[in-house]
Amino acid sequence: MIHLVQISNGLSRRVALVDEPHLHCLTEIKTVYELVQRCLGSGYQLSEQALALAHGEALDYDAVYAGTSEWHLLAPIDVPNDPARLMIAGTGLTHVGSARERQAMHAADAAKAVEGVTDSMRMFQWGVEGGRPADGEIGVAPEWFYKGNGFMLRAPFAPLTIPAYAEDGGEEAELAGIYIIGDDGTPYRIGTTAGNEFSDHRFEKSNYLNLAGSKLRTCSLGPELVVDAGFHAVAGEVRIERGAETIWSKSVETGEQNMCHSLANIEHHHFKFEGHRQPGDVHVHFFGAHSLSFGDGIVLKHGDWMEVRYEGFGRALRNPIHVETRDRQRLVVVRSLA
């Protein structure tokens, strides 16, 4: 599998091929978006094009990852100069673990539901029954959410913010598919990467109808984009560090073997909408989380570090927590242009 990273020294950018413990910079192109566009125009496969261009400067990956190099890691995908052309979305209730966590989160609502089953568990059950259709057929639609555009995407090691208006913030350790839309409206999968989807779980817990708003937060990807990654069964680990102590950690599992929806079914239901097939647009789609520290009563604090690692997806994704103080909350006033 080909692993790619995007890096910058503040003045210029590079795409680099990971060859542990080195990074080999690609020549002729500066961004993954540019590389992908070149492949779409030429008919070359992304992996072979990356290998053909990976004869530029060699860098010490350890130094870049540790922050001691002039080069630093960027998110492994973006749309340079036009972040609004990158859509971040995702699919929930795809994992058995996520359904259990959601059921527990909405325990108060369960008492009001028929036979103590929440709407979330009903939707999960629909996925179990119809989320894996036969080849060429369409299955039941999964839960879908919108998260934002490229302005909400943060690089590895960059802070994820709990805004002044938020009630909380918590990690969601996931894998995310990266896609681009071709000139004829065809979606192409570029690769897969580790991600921290990051949401306001306390806000969602107060009422499951707050799910949409709870998702409108910053998130992070990377550091490595894996081209042609396997997605049958992927093991990983997520941890929360406070100072020198690991205050919470858990093994996680993802991939189709651990999900009630097939990847093809998830992709169909995202790209069936015409608005999601606009040429040149990039889509980041989170595939759902297995476990949350919030479900175990962990409240993240300013300065905590979140780490997400999946086997076969390169180095860990690490991000600190930044908590905005309440005095930064301001009323947003809309002015009339009438």
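**View 1. Cysteines without disulfides in the predicted model.** A search of the whole structure finds zero disulfides. The model shown here and in the other views is a predicted one. For C25, the closest cysteine sulfur is that of C39, 18 Å away, which is too far for a bond; a disulfide would need the two sulfur atoms within 2.5 Å. C25 counts as buried, because its relative accessibility is 3%, and the cut-off for buried is under 20%. C260 is buried as well, with a relative accessible area of 7%.

**View 2. The largest nonpolar core.** This core has 32 residues. Among its members, L26, I77 and V284 touch the most others. Two or more residues each are given by the helices α1 (32-42) and α2 (46-53). The strands that do so are β1 (2-8), β2 (13-19), β6 (86-92), β10 (173-181), β12 (219-227) and β15 (282-286). The largest share, five residues, comes from α1. Domain 1 (2-73) and domain 2 (83-328) each supply at least three residues to this core.

**View 3. A second core.** Separate from the core of the previous view is another, made up of 30 residues. Its members include I181, W248, F287 and F313.

**View 4. Surroundings of I77.** I77 is one of the three residues that touch the most other members of the largest nonpolar core. Leaving aside residues up to four places away in sequence, I77 touches Q6, V32, Y33, L86 and L153. The list of its contacts also includes I178, I190, L221, V282 and V284. Of these partners, V284 is itself named with I77 and L26 among the residues touching the most other core members.

**View 5. The whole protein, for orientation.** The fold contains nine helices and 17 strands. Its radius of gyration is 20 Å, close to the 20 Å given by the globule rule for 338 residues, so the protein is as compact as a globular protein of that length. Along the principal axes, the C-alpha atoms fill a box of roughly 60 × 55 × 50 Å. Buried residues make up 53% of the 338. Among contacts with a separation of 6 or more, 74% join residues 24 or more positions apart. The protein exposes about 15500 Å², and 52% of this area is supplied by carbon and sulfur atoms.

Conventions. Residues are numbered from 1 along each chain as its sequence is written. This is a predicted model: local features need pLDDT of at least 70, side-chain atom pairs count only at pLDDT 80 or more; totals for chains, interfaces and linings use all residues. Side-chain values use heavy atoms; hydrogens and water are left out. A nonpolar core is a set of buried Ala, Val, Leu, Ile, Met, Phe, Trp, Tyr and Cys residues joined through side-chain atoms within 4.5 Å. Buried means under 20% relative accessible area, exposed over 50%, partly exposed in between (1.4 Å probe, protein chains only). Helices (H or I, at least four residues) and strands (E, at least two) are DSSP runs, numbered from the N terminus. Domain bounds come from an automatic or database domain assignment. Contact means heavy atoms within 4.5 Å. The radius of gyration is taken over C-alpha atoms; the globule rule is 2.2 Å times the number of residues to the power 0.38. Accessible areas come from the Shrake-Rupley method with a 1.4 Å probe; for residues, only the protein chains shown count as cover.
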